[in-house]
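Please open the model in your viewer, switch to a cartoon display and keep the sequence panel beside it, since each stop below begins with something to select.

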Amino acid sequence: MAVPIVLLISGPNLTLLGERQPEIYGTLTLADHVETARQAAVEHGLGFEHLQSEAESDLVRAIHDARGRVAAIVINAGALTHYGWSIHDALAAFAGPVVELHLSNPEAREPWRRQSVIAPVADGTIAGFGGLGYRLAIDAAADLIQGS
Ligand code: DQA
């Protein structure tokens, strides 16, 4: 049987991790977090893919491409979390588990960050645990895949 794949999607500005507001996002780079997620996926016996883009349309296309092919999606959509309704709609058309992920805790930040358009179409959200969140998100995705 084919190995189930977890797709990690990273939105805009996450390529600047390590340099960008380290007091909020820490000093690890996106490559570090992707490696953490990849390792966790391997430990769960899952396949792993990662897609990063600054463009909303690329994220939408990646979600379309995941339909019927990928078992679960973990997504840190960056600021698109708060207004990217096309990502919401694409995720609503994806049948597998979806885990929303953030390094920081948007609930504890500026009011405009308190709305997530991803949350209504996600199975759950992991936020505020910094880089540990990448491992927790893959753990959650693995658990959801097993239960589905
Ligand atoms: C973020 C939180 C968002 O509000 C912000 O726009 C980001 C990163 C996080 O991982 O904490 O770019 O998604």
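Helices here are DSSP runs of at least four residues and strands are runs of at least two, both numbered from the N terminus. The model is a predicted one, which is worth keeping in mind at every stop.

**The whole chain**

Begin with everything selected and the cartoon coloured by secondary structure, where you should be able to pick out five helices and five strands, which follow one another from the N terminus in the order β-α-α-β-α-β-α-β-β-α. The radius of gyration of the protein is 14 Å, close to the 15 Å that the globule rule gives for 148 residues, and the protein is therefore as compact as a globular protein of that length. If you rotate the C-alpha trace onto its principal axes, its span is about 45 × 30 × 25 Å. Buried residues account for 46% of the 148 residues, and of the contacts between residues at least 6 apart in sequence, 76% join residues at least 24 apart. With the surface switched on, you are looking at about 7100 Å² of accessible area, 54% of which belongs to carbon and sulfur atoms.

**Helix H3 and the turn after it**

Next select residues 56–66, which form helix H3, and show the side chains of Leu 59, Val 60, Ala 62, Ile 63 and Ala 66, the buried residues of this helix. Because these residues cover an arc of only 160° around the axis, they sit on the same side of H3. A general feature of helices is useful when you look down the axis: an α-helix has 3.6 residues a turn, so residues three or four places apart point the same way. Now add the surroundings, for the cover over the buried residues of H3 includes strand E1 (5–10), strand E2 (47–52), E3 and helix H4 (85–92). Before leaving, move just past the end of H3 to Gly 68, whose phi is positive, at about 75°.

**Helix H4**

Helix H4 can be treated in the same manner: select Ile 87, His 88, Ala 90 and Leu 91, which are its buried residues. They cover an arc of only 165° around the axis, and so they lie on the same side of H4. Turn the helix around and you will find the exposed residues Asp 89 and Ala 92 on the face directed away from that buried side. Among the elements that cover the buried residues of H4 are H3, E3 and strand E4 (98–102).

**Gly 84, in the loop ahead of H4**

Step back along the chain to Gly 84, which is placed in the loop between E3 and H4 and which counts as buried because its relative accessibility is 0%. Leaving out residues up to four places away in sequence, Gly 84 touches Glu 56 and Val 117. A distance drawn from the C-alpha atom of Gly 84 to that of Leu 59, 25 residues apart along the chain, should read 10.0 Å.

**Asn 76 and the ligand**

Now select Asn 76, in strand E3 (residues 72–76), and ask whether this residue is buried or exposed. Asn 76 counts as buried, because its relative accessibility is 3%. Its side chain reaches the backbone nitrogen of Gly 78 at 3.1 Å, and its contacts beyond four places in sequence include Ile 9, Leu 14, Leu 101 and Tyr 134.

From there, bring up the ligand, around which you will find residues including Arg 20, Tyr 25, Asn 76, His 102, Ser 104 and Arg 113. Three distances to ligand oxygen atoms are worth drawing:

- to an N or O atom in the side chain of His 82, 2.7 Å;
- to an N or O atom in the side chain of Asn 76, 2.8 Å;
- to a polar backbone atom of Ala 79, 3.1 Å.

The protein covers 99% of the 320 Å² of accessible area that the ligand has on its own.

**Two residues in the loop between E1 and H1**

Finish with the loop between E1 and helix H1 (22–25), and select Asn 13 there. Its phi is near 75°, a positive value in a residue other than glycine, and at 33% relative accessibility Asn 13 counts as partly exposed. Gln 21, found in the loop between E1 and H1, has a positive phi near 35°, and at 37% relative accessibility Gln 21 counts as partly exposed. As a general point, most residues other than glycine have a negative phi.

Terms used
Residues numbered from 1 in each chain as written. Predicted model: local features only at pLDDT ≥ 70, side-chain atom pairs only at ≥ 80, totals over all residues. Heavy atoms only, no water. Buried < 20%, exposed > 50% of the residue type's maximum accessible area, 1.4 Å probe, protein only. Polar contact = N/O pair within 3.5 Å; in protein donor to acceptor, adjacent residues only side chain to side chain. Contact = heavy atoms within 4.5 Å. Arc of directions from axis to C-beta. Near = heavy atom within 4 Å. Areas by Shrake-Rupley, 256 points an atom, 1.4 Å probe, with all protein chains shown as cover. Rg over C-alpha atoms; globule rule 2.2 N^0.38 Å.
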